[in-house]
Amino acid sequence: ETRRARMVPASTMLAAFPAMVRDLCRETGKQAKWRLNDSGVELDRKVIELVKDPLIHLVRNAVDHGIELPDEREAGGKPRRGRISVSITGIEGSKVSIAVADDGRGMNLAGLKDAAVRSRSLTAAQAKGLGDDEVIDLAFRAGVSTKPVITAISGLGLGLAIVREQAERIDGTVRVQSVPGKGTKISLVLPATIASYRGLLVSAAGARLLLPAESVERVIGVPRSSITAALQTGMLAQSGETLPFARLSAVLGLASGPLSETRRLFPCAVVTNGPRRAAFMVDEIAGETDVLVKDLPLPLRRVRNISSAGLLGSGDLVLIA
């Protein structure tokens, strides 16, 4: 219900785009008409926050790099005014496609090769052997720009790299279709919702794992003498009660090393599941954190004692136990 309440029409993030296109055309001396093809798709507010800036960059690119000057278009048999559109459509699997298209000159493949060589992303020999799709992919490398002069609109070569980075942060992809003289279409395929999740980040046998925050009753430090006895009996006496006990690494089938000889207290998490409670010893406790939940793909969906994976803010993945 909370996730549903976060859903808003995707078109809300594009309210300022028509004015932006007009301003960019005035700045560059070009002419373009704006069109939004919206089928009423709704997106999570977090998705909108993450993709709004990338969309702004794609539309700016469409005006600055894609659309030709009016006289140039007329000489090429095109209308003096170009077309820039954003299409938002729902696709299978709770995903959405947001496509930015223009009817401009298309990507400058030769210019991209030269820019990549200038930025030392690759050598001239490497650039010569690239196929068209590989050349288009160069546009997403940081520092590669076909603009010889840095302007207020473009030229740093960072924009498309950030577009891809933002999309991949939420398990999205970027697809490019470009035809010389006909135009370019860049599509972002994104999840419609983001399932955020709060948990206790721990480490066991060298692996970082996340325990659901709502399942962790408390964290305790257990003396060596109590740990030794608990490992032998499988039960831990704590605060007047006895709990089932195990090393988390052993439960997950990870190779467990010997107990530290210098450690006086060993960190343990008391975990609940309905009426059942148990204590698990871990190597370290890093604290609570929010992650983006990523379901495990087939054939990994039935891994014993692992429910899914979580994407940390650092970009690292952790398993959710």
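**Exercise 1. In this predicted model, which residues of strand β11 are on the covered face, and which are on the uncovered one?**

Start with a general point: in a regular strand, side chains alternate between the two faces of the sheet. Now walk along β11, which spans residues 235-238. L236 and Q238 belong to its covered face, while M235 and A237 make up the uncovered one.

**Exercise 2. Find the strand that β11 is joined to, and describe the turn.**

First, look for the partner: four bridges join β11 to β12 (residues 241-247), and the two run antiparallel. Next, pick out a facing pair: Q238 of the covered face stands opposite E241 in β12. Finally, inspect the link. The two strands form a hairpin with two residues between them, and S239 in that turn has a positive phi of about 50°.

**Exercise 3. Is S97 buried or exposed, and what is it in contact with?**

Locate S97 first: it lies in strand β5, residues 95-102. Its relative accessibility is 14%, so it counts as buried, the cut-off being under 20%. Then list its contacts, leaving aside neighbours within four places in sequence: S87, I88, T89, S187, L188 and V189.

**Exercise 4. Describe the second largest pocket and its lining.**

Begin with the volume, about 430 Å³. Of the 18 lining residues, V271, N273, F280, N305 and A321 are the closest to the centre. Now sort by element: β9 (207-212), α10 (248-251), β13 (265-273) and β14 (276-281) each give two or more residues. The largest share, four residues, comes from β14. Last, sort by chemistry: the lining divides into eleven nonpolar, five polar and two charged residues.

Definitions and conventions:
Residues numbered from 1 in each chain as written. Predicted model: local features only at pLDDT ≥ 70, side-chain atom pairs only at ≥ 80, totals over all residues. Heavy atoms only, no water. 1 Å grid on protein atoms, 1.4 Å probe; cavity = no way out; pocket = protein on both sides within 12 Å on 5 of 7 lines; lining within 4 Å. Points joined across faces, edges and corners; volume = space filled by probe spheres on them. Nonpolar A, V, L, I, M, F, W, Y, C, P; charged D, E, K, R; others polar. Buried < 20%, exposed > 50% of the residue type's maximum accessible area, 1.4 Å probe, protein only. Pairing = 2+ DSSP bridges. Contact = heavy atoms within 4.5 Å.
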